Structure formats: structure tokens, C-alpha cells
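Dear colleague,

I am passing the structure below on to you, together with a summary of what was found in it. Please read the notes alongside the coordinates.

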Amino acid sequence: MQALRYARATSIDEAVRMLREGGETARVLAGGTDVIVQARERRRVIDLFVDIKHIPDVMGMTYDAQRGLTVGAAVPLYQVYGNADVARVYPALRAATHVIGGKAIQGRASLGGNLGNSSPAADSIPAMMALDGVAAIAGPNGRREVHVDAFCTGPGRNVLQPGEFIVSLHFPQPVAHSGNAWERFIPRNEMDIAVVNAACALTLEGDVVTAARVALGAVAPTTIMVPGAAEALVGRRLTDDTIAAAGAAAKEAATPIEDMRGTVKQRKHLSDVLVQRVVRAAAEHARSR
Ligand SMILES: Cc1cc2nc3c(=O)[nH]c(=O)nc-3n(C[C@H](O)[C@H](O)[C@H](O)COP(=O)(O)OP(=O)(O)OC[C@H]3O[C@@H](n4cnc5c(N)ncnc54)[C@H](O)[C@@H]3O)c2cc1C
């Protein structure tokens, strides 16, 4: 572990000031399940943790059937997946947050931390992308919003500028006859990093898909949207052939690396299989609402 300072911010402005004054070696501390490990292993030079968990806006969660869901960036994951509205309306988000780490991790880890860490294999990011999530960001130049699908720029890299941090994540209320789903493949039953993960949100009119968003993780330097899979679905009846075409588009879009967790061939195959599964599950959710 490196020697470092700890500061507790109690307001958004105070956190921005602390981060700006701390410069490049200051880091936001949410649950700490990534950043404390990185500091301990000296994978990043950090000399100041700015704890944001005492800022009310960062710890709240609200749902409204008109406006949708807003989750404070540091709300622990167990509160996200334990929320009845999340389970009913945003099952993709529920499924992804429910498998991150184990119980102990879920008591600390947050959506803001999963996004801020910007791992290509992060489990919640494809779910947030499929749900068209928007990050509310505060910084020295005021507030701005960035869609989650435009947030990550490379492994461990994102659009945040010095002094900026994520205050909350907003998910619009899905229109009628919409559904969503998330899945991942890991070699064990739990506590592992995704070989591939996938999410889909779609809207049906009868049997015809009228809107779709498909996202994949662990197959590129960042989590990615798969517009080809959405195009294979929209305007078509949801048949086995249509779903297979969406899977094939995902396989085509995946540009994975080969590492200890999986080969290129396996990851491309899994992209196909998982996208087909999340499309089917999202359609089932849409029909049940
Ligand atoms: C045993 C174990 C198992 C794990 N399993 C999984 C898993 O299955 N799937 C998975 O995806 N991840 C997993 N992780 C990684 C980690 O738990 C998640 O990425 C978690 O969501 C990080 O959240 P946190 O609040 O702990 O982030 P922190 O560690 O506090 O922060 C992570 C990074 O994001 C930055 N950050 C945090 N909050 C903000 C914010 N509001 N604004 C801007 N930047 C911010 C921090 O400065 C840091 O760089 C695991 C970790 C461990 C230790």
C-alpha cells in the first residue's frame, strides 16, 4: 500500500474542489472495491482519496413512472438490485448488479465505481448502455450529462476531466411493451470476471420489434453498442431467424483479445449466443408487462 491521504466531502462542490486541488493523483473513493486494490498493488499512483459517500445526492435513489430511475453514483449495489422497481422495470440492471462480486462486495461497490473504473468487462456497463443510461457529471466547469454509451474511451479510460466525478445515473422510463435483459458467461458459478457479457432493451408492437439497443462487454477495448444487432431486429417480426441474425451481427462486431479467460473464437461464439439469449429474455419481459 502507498501512503495516502483521505478526505471526506459532504457536498458536490466540496468534492469538486478537493479533486481539483488534489490534481492527477487524487481519486474518487466510492465503495473502494477497485480503487483500494489498485492503490495497494501500486497499479495507480494515488495520494488522495476523496470519499463521496457522505454527499446526499450521490447516495439517493428515486423512481417515478414518468421520469424513470435515478441512482446515486455511490449507492451500494445491494440497494440497486434489492429495489422492487428496479426488479420490475429494469431487470437488466438488477441481473448485472446482482452478480458483481459476492455479498460483501455488493455491500460497498457502486454503479459509479463500475463505470468510473471503465473496465471493458465491467458487468453493469452493458446493462446501463442498453437502458440508454445517462451519467450526471459535476466538475470545475459546472454540470454536464454524458450518455453511458459514450463514457468509456479505452481500458480504464473515460471522458471525465480533472476535478469531475459522476453524481448519479439516470435511466429513462421504458415505453409500453418494452423489455430488457442482461447475461454473462463466466467459467464458474460466481465471483469471476466476465468472458463476455451482453444486454438488450427492446420494444414490441405485437410481434414486431420497433426499437432495440444491444450492448456487449469484454469483446473490445471498451464495452460496445452493437448497432448491427439492433438493425437486424427493428422493423422485423421476432422469429428465430431474426434473433439468429442479431446474434450473427454481435459475433461480427466483437473484436476480442485472447487471454487467460477465453480465446477469440470462444468470445465471438459467446457474443452470438448471449445476444440471442438477451433478445429472447427482453422480449419475454416486454410481453409480461
Ligand atoms: C472480489 C471482487 C469481485 C469483483 N467482481 C466483479 C464482477 O463480478 N463484475 C464487475 O464488473 N466487477 C467486479 N469487481 C470490481 C468492482 O467491485 C466493481 O467494479 C465495482 O462496481 C466498483 O465500485 P466501487 O464503488 O467499489 O468503486 P471504487 O473502487 O470506489 O472506484 C473505482 C474507480 O472508479 C472511480 N470512481 C468511483 N466512483 C466514481 C464517481 N462517482 N465518479 C467518478 N469516478 C468514480 C474511482 O476513483 C476508481 O478509479 C470485483 C472486485 C472484487 C474485489
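A residue is called buried here if 20 or more other C-beta atoms lie within 10 Å of its own, exposed if 12 or fewer do, and partly exposed in between, with the C-beta atoms placed from the backbone. By that criterion, buried residues account for 51% of the 289 residues in the chain.

Please keep in mind that this is a predicted model, in which local features need pLDDT of at least 70 and side-chain atom pairs count only at pLDDT 80 or more, while totals for chains, interfaces and linings use all residues. Residues are numbered from 1 along each chain as its sequence is written.

Overall fold

The chain has 12 helices and 14 strands, where helices (H or I, at least four residues) and strands (E, at least two) are DSSP runs numbered from the N terminus. The radius of gyration, taken over C-alpha atoms and compared with a globule rule of 2.2 Å times the number of residues to the power 0.38, is 19 Å, which agrees with the value near 19 Å expected for a compact globule of 289 residues. Along the principal axes, the C-alpha atoms fill a box of roughly 55 × 45 × 35 Å.

The domain assignment, whose bounds come from an automatic or database source, gives domain 1 (5-51), domain 2 (56-171) and domain 3 (178-288). The C-alpha centres of domain 1 and domain 3 are 35 Å apart.

The ligand shell

A residue is counted as near the ligand if its C-beta atom, placed from the backbone, lies within 6 Å of it. There are 31 residues around the ligand, of which G31, G112, G113, N114 and G116 come nearest. Helix α8 (111-117) is one of the elements that supply at least two residues of this shell, as are β2 (26-29), α2 (35-40) and β10 (165-171), and the largest share, 5 residues, comes from α8. Because domain 1 and domain 2 both give residues to the shell, the ligand lies between them.

Helix α1

In α1 (residues 12-22), the residues A15, V16, M18 and L19 are buried. They cover an arc of only 165° around the axis, which puts them on the same side of α1; the arc is that of the directions from the helix axis to the C-beta atoms. D13 and E21, on the other side of α1, are exposed. Just after α1, G23 takes a positive phi of about 70°.

With best regards
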